[in-house]
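Reader: I am in my first year and still learning to read structures. Please take one part and walk me through it closely.

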Amino acid sequence: MYQTSFLPPLRDHPKLVTASAPGKVILVGEHAVVYGRPAIAVPVWERVARATIQPGAAGSGCWIVAHDLRRRIHLADAPPEDAMALVARATLAELGLPPNPDWQIELNSEIPIASGLGSGAALNAALVRAIHAQVGCTPDPAQVSDLVYLGEQLYHGTPSGIDNTVVAYGQPVWFIKGTAPRVFTPAKPFTLVIADSGVASPTHETVAGVRRRRERDPQRYDRWFDAIGELVEEARRVIEAGECEALGPIFDRNHALLQQIGVSTPQLDHLVTAARDAGARGAKLSGGGGGGNLIALVERASAQPVAAALEAAGAIRVMITTVGA
Ligand code: MEV
C-alpha cells in the first residue's frame, strides 16, 4: 500500500538534487515507425516529470516513491520485471555505484498517466538524470535514451524507441528505428491542441493488434506504412521550410491511414471531426490509438475555440502546446 509515512527518516542536512523530463506526442508516423519507417515526435514541455533524490537513513537502502503511480519500491526487493527498478539498477551499474544506496527518490509527474503522453518514459528519464546529478554527472541524451529504453521494452514489448528518444533529447526528433535520431528546430513555431479521449489504451496492445493484422496481409500493411513514411518526409520538408499550415492536410491524411490500419475508434474520429469543424487546420490521433490522445494543428487564435469544442465533444483533458517556440 502506498504511504509515504512508511519511509525511513531523512538525515538532518540532506543534499537534494532534482531533474526533469517532458511529456511527448507523436506528430506523424506512429505504428509505421515500428516497421522501419520514419516518424517525428515533439516534446511537450508544458507537462513534465520530476525526480528528486535525497540521502536516506544509514542502512535504509534505496526507496523510489512514484506519487502519481501510487507506488513505493524498495530497490533491493523489486522484481526484475519492474521497469522503474530496472532503469534505476542499470543506471547505478553504469555509473559504477552500489546497487542499493541509502537514497530516497521521489517522482512526481504533471503528465497524465497512461494517456499516450509518455509519462512512463518521462519519469524514467527524470530518474536517470537525477541519479547522475546525485553523483555530480550530466548524462548525454543518448545515454538517457538507452537507459529509458530498457524500461520501455518492459512496458511495451517491441517499442520502436521513439518515445524514450524524444523525452531524453527534449527537442523535436526525426526518428528511424535503429539509427541515430536527428533533433531539429522548426523554422517557425506552430501550435497544437492535444486532447485526451479518456479511453485508456495500452500501447503494447494496439502495437500487438497491428502486428497480428499485418501477419494476415503483409503487402497491404506495408503499402500503408510506406504511405505514412512519405507523409513523414513531407512533414519534415514543410516544418523545415516554415510552412507549418501545410501540416494540417498531412495530419488528416495520416489519420485516414491510421484508420485503415485499424487503430482509430469512432470516438477518436468524432473528436478529430469536432476539431476540424471548430477551425483546426488538420487533426489526427497521436500515439498508439484505440483511445488515448489526438492532436489538432491550430492557428494560435483558434487554439481556445478548438480546445473548447474538443471538451464539448467529450475529451476529458485538453492542453495547448507550441512546438519550436
Ligand atoms: C507510441 O507512442 C508510438 C508507437 O509507434 C509505438 C512505438 O513506436 O513504439 C505506436
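Author: Here is a close look at the aromatic cluster, with its surroundings first.

This is a predicted model. Start with the whole chain. The secondary structure comes to nine helices and eleven strands. Along its principal axes, the C-alpha trace spans about 60 × 45 × 35 Å. For 325 residues, a compact globule would have a radius of gyration near 20 Å, and the chain agrees, with 20 Å. Of the 325 residues, 54% count as buried. Now look at the contacts between residues at least 6 apart in sequence: 73% of them join residues at least 24 apart.

Next, the cluster itself. Four residues form one aromatic cluster: Tyr-35, Tyr-221, Trp-224 and Phe-225. The structure holds three aromatic pairs. One of them is Tyr-35 with Phe-225, and this pair is stacked. Their ring centres are 4.7 Å apart, with 10° between the planes. A pair counts as stacked when the planes are under 30 degrees apart, so 10° qualifies.

Where do these two partners sit? Tyr-35 lies in the loop between β1 (17-28) and β2 (39-55). Phe-225 belongs to helix α6 (residues 218-240). The two are 190 residues apart, so the pair links distant parts of the chain.

Are the partners buried or exposed? The cut-off for buried is under 20% relative accessible area. Tyr-35 has 16%, so it is buried. Phe-225 has 0%, so it is buried as well.

Phe-225 also pairs with Tyr-221. This pair is edge-to-face. The centres are 6.2 Å apart, and the angle between the planes is 70°. Both residues sit in helix α6, four residues apart, so about one helical turn separates them. An α-helix has 3.6 residues a turn, so residues three or four places apart point the same way. Tyr-221 counts as buried too, at 7% relative accessibility.

Put the cluster together. Phe-225 stacks with Tyr-35. Phe-225 also meets Tyr-221 edge-to-face. Trp-224 belongs to the cluster as well.

Two other places are worth a look. In one, a charge meets a ring: the charged end of Arg-236 sits over the ring of Trp-174, 4.3 Å from its centre. The other is helix α2 (residues 119-134), which has 16 residues. From first C-alpha to last, α2 reaches 22 Å, close to the 22 Å expected. In α2, 14 of the 16 residues are buried, so the helix is largely enclosed by the rest of the structure. After α2 comes Gly-136, with a positive phi near 80°.

Notes
Residues numbered from 1 in each chain as written. Predicted model: local features only at pLDDT ≥ 70, side-chain atom pairs only at ≥ 80, totals over all residues. Heavy atoms only, no water. Expected span 1.5 Å × (residues − 1). Buried < 20%, exposed > 50% of the residue type's maximum accessible area, 1.4 Å probe, protein only. Phe/Tyr/Trp six-rings, centres within 6.5 Å; stacked < 30°, edge-to-face > 60°. Lys NZ or Arg CZ within 6 Å of the ring centre and 35° of its normal. Rg over C-alpha atoms; globule rule 2.2 N^0.38 Å. Contact = heavy atoms within 4.5 Å.
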